[in-house]
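Take a walk through this fold, from the overall layout down to single residues. Keep the sequence beside the coordinates.

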Amino acid sequence: SDGVIDVFKLAGIPAPDVSILNDEFLESVKDKPNENLRLKLLERLLHDEIKSKAKKNITKAKAFSQLLEATMDRYHKRIIDAATVVQAMLDIKKDIDQTAARAVALGMTEEELAFYDAVHDNYAAIYDEPLLKDIIHDVVAVIKGKLTVDWTLQHRQAVKSAVKAAVKLVLRKRGVQEGDLEALTEKVITQAAELWKDWPMAA
């Protein structure tokens, strides 16, 4: 009845841009009105950032989403204050932005990093980092050599089966234990289906 309301302005946010999550903004949120609305909008912005920038790395995207949800839950239970929430959001944003730097540090492409993250937590204690990196490098190369248009769709099961068989062959050649073979293959295929579901446009 009072006309259009700019909720971002009401919350004290200049524009719907996740780049506001920086050190300067962290200081600016302290002791301002509309705290709950402001944090809700920030939560939505960061959630969208996770979806757009981390969605191809399903392991990281899931971890970021869970951390954001847990942080907001702690805030609603009054375990932490607004400044702590924003700091947590800032840390998540920085982690998202460091993907390229992590890939360079590991000597991998960002595509390879997505696969590395998908298997690292479960297999780092079994296979050392150099071997895991070699495995991922070989796996990415062999998968990309087998992909066709719409390879993830139901009528393309033959293609998906060929990709899976090629991945298993690589893993065996690299010395992956038989007991780890199926689970590791599934993690790789799941990541590939997300990363390259729009092949070749996603290449």
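The text below moves from the whole chain to one helix, and then to two loop residues.

This is a predicted model. The protein has 10 helices and 0 strands. Along the sequence, the pattern reads α-α-α-α-α-α-α-α-α-α. The chain holds 203 residues, and 39% of them count as buried. Among contacts with a separation of 6 or more, 66% join residues 24 or more positions apart. The accessible surface comes to about 11,500 Å². Carbon and sulfur atoms account for 52% of that surface.

Now turn to helix H7. H7 runs over residues 110–123 and has 14 residues. From first C-alpha to last, H7 reaches 20 Å. That is close to the 20 Å expected at 1.5 Å a residue. Even so, H7 carries a kink of about 30°. The kink is centred on Asp 117.

How many of the 14 residues of H7 are buried? The count is 10, so H7 is largely enclosed by the rest of the structure. The cut-off for buried is under 20% relative accessible area. An unbroken run of names leads the list: Glu 111, Glu 112, Leu 113, Ala 114, Phe 115, Tyr 116, Asp 117, Ala 118 and Val 119. Tyr 123 is buried as well. Asp 117 thus appears twice in this account, as a buried residue and as the centre of the kink.

What do the buried residues of H7 pack against? Their partners are four helices by name: H4 (58–76), H6 (99–106), H8 (129–144) and H10 (178–195).

Two of these partners, H4 and H8, also border the loops considered next. Most residues other than glycine have a negative phi. Arg 78 departs from that pattern: its phi is positive, about 60°, although it is not a glycine. Arg 78 lies in the loop between H4 and helix H5 (82–97). Is Arg 78 buried or exposed? At 77% relative accessibility, Arg 78 counts as exposed, because the cut-off for exposed is over 50%.

Asp 150 also has a positive phi, near 60°, and is a residue other than glycine. Asp 150 sits in the loop between H8 and helix H9 (157–173). With a relative accessible area of 34%, Asp 150 is partly exposed.

Note on methods: Residues numbered from 1 in each chain as written. Predicted model: local features only at pLDDT ≥ 70, side-chain atom pairs only at ≥ 80, totals over all residues. Heavy atoms only, no water. Helix = DSSP H or I, 4+ residues; strand = E, 2+ residues; numbered from the N terminus. Expected span 1.5 Å × (residues − 1). Bend = angle between axes of the 7 residues up to and from the residue. Buried < 20%, exposed > 50% of the residue type's maximum accessible area, 1.4 Å probe, protein only. Contact = heavy atoms within 4.5 Å. Areas by Shrake-Rupley, 256 points an atom, 1.4 Å probe, with all protein chains shown as cover.
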